[in-house]
Amino acid sequence: MRRELFETEHEAFRETARTFINKELVPHIEEWEAAGQVSRESWRAAGEQGLLGFAVDDEYGGGGVDDFRFNVVFDEELVSAGVSGFGSPLHNDIVAPYLMKLADDEQKQRWLPGFCSGELISAIAMTEPGAGSDLQGIRTTAVRDGDDYVINGQKTFISNGIMADLVIVVARTDPDAGHEGISLLVVERDMPGFERGRNLDKIGQKAQDTAELFFNDVRVPARNLLGEEGQGFIYLMQNLPQERLSIGVSSIASAAKILEITKEYCRDRTAFGRPIGKFQNTRFELAEMATEVQIGQVFADRCVQEHVRGELSIEHAAMAKWWLSELNKRVIDRCLQLHGGFGYMTEYPVAKAYLDARVQTIYGGTTEIMKEIIGRSMGF
């Protein structure tokens, strides 16, 4: 089916994104995976090409176009090229809305130019050792002391955690107020007491720096409060649908790419004197996956259209997140099986995709939490 999501300008942008990725990112994939992070030069290069902060006002160096379809194009091209470590989806899709919607004029002047140029890499710190999908279980505290907040606590599994210059920290400013006691504070690199733990050793997405963060009496100026005190939980609920849609978009792009690679493999690989694609079982497997991927793409595109119109519901975003990430996991597993022993070799794209995809059903809210959200929306 012909996709009807994009206009001429999006397809033109796709060529720009693809050229940049192939020139600036793809040649360094193995180097970055070994190092556990990408280079700062790659971030600055992305900024120079206008690939960071699409929706940020042009007065701050952004693209000035609030159209999530540009994010989708860039995310799809990263997946298609097998680039899983460059943290722009987190930067553009997840952090940007917080800064654009909640930052005051002074904060925007301080942070957004560097955000768009690639000089300031961003992250958001929600997850803690004892609080994952349950955001109300957050224990990190931020106590007001004069003109500062003093933050104490620990975060874990924070993407861009090692390289981040700006970290939006989810913390409790009122321990007795439940979800109304949660606020967002921006912690900047080198603030005393802000320490990074190890770059966590994951089974996939090796080039994506993922870290533990520690806050020991970190004094953060009150002017770094993002939005209003006590409204953090509401802000998170407002922005999580785009985060979950972003994961869904990358998931279906991954499934589609690996399916195409597998189709070519089944044409070229022979067994018992003929291509393995000629065997009925292989054809049926490919037919089933092609159907599921087509269904998934149509649903993903429809969700993006709703989001661009400002109509994407929390439950539809949850549906997209869990179903597309689970589909990606299932498709890649079946594709790996069709590759036989070669699929188990890390030099093959299907093996890397298999490892990279596993976390997608976990981060951004687990599959189980997504189903809980949908169930509650049905009145149960």
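This tour visits a surface patch and then two internal cavities. The structure is a predicted model.

**Stop 1: the surface patch**

Begin by selecting Ile203, Tyr354 and Leu355, which make a nonpolar surface patch of about 280 Å². Next, select residues 349-357 to display helix 10, where Leu355 lies. Is Leu355 buried or exposed? Leu355 falls in between: the residue is partly exposed, with a relative accessible area of 32%. Because a patch residue must have over 30% relative accessible area, Leu355 at 32% meets that condition.

**Stop 2: the largest cavity**

Turn now to the interior. Rolling a probe the size of a water molecule over the atoms shows where empty space is left. In this model the count comes to two cavities of 30 Å³ or more. The largest cavity has a volume of about 40 Å³. To find the largest cavity, select its lining: Ile29, Trp32, Glu33, Gly82, Val83, Ser84, Gly85, Phe86 and Ala207. Colouring this lining by class would show five nonpolar residues, three polar residues and one charged residue.

**Stop 3: the second largest cavity**

Clear the selection and choose Val95, Leu99, Ser122, Ala123, Leu166, Ile168 and Val186, the lining of the second largest cavity. The volume of this second largest cavity is about 30 Å³. Which elements each supply at least two residues of the lining? They are helix 5 (88-102), strand 1 (122-125) and strand 4 (166-172). Display these elements together with the lining residues. By class, the lining of the second largest cavity holds six nonpolar residues and one polar residue, with no charged residues.

Note on methods: Residues are numbered from 1 along each chain as its sequence is written. This is a predicted model: local features need pLDDT of at least 70, side-chain atom pairs count only at pLDDT 80 or more; totals for chains, interfaces and linings use all residues. Side-chain values use heavy atoms; hydrogens and water are left out. Patches are made of residues with over 30% relative accessible area and no salt bridge: like charges are joined within 9 Å, nonpolar side chains (Val, Leu, Ile, Met, Phe, Trp, Tyr) within 5 Å. Accessible areas come from the Shrake-Rupley method with a 1.4 Å probe; for residues, only the protein chains shown count as cover. A salt bridge is a side-chain nitrogen of Lys or Arg within 4 Å of a carboxyl oxygen of Asp or Glu. Helices (H or I, at least four residues) and strands (E, at least two) are DSSP runs, numbered from the N terminus. Buried means under 20% relative accessible area, exposed over 50%, partly exposed in between (1.4 Å probe, protein chains only). On a 1 Å grid over the protein atoms alone, a cavity is a set of points where a 1.4 Å probe fits but cannot get out, and a pocket is an open set with protein on both sides within 12 Å along at least five of seven lines; lining residues have an atom within 4 Å of a point. Grid points are joined across faces, edges and corners, and a volume is the space filled by probe spheres set on the points. Ala, Val, Leu, Ile, Met, Phe, Trp, Tyr, Cys and Pro count as nonpolar, Asp, Glu, Lys and Arg as charged, and the others, Gly among them, as polar.
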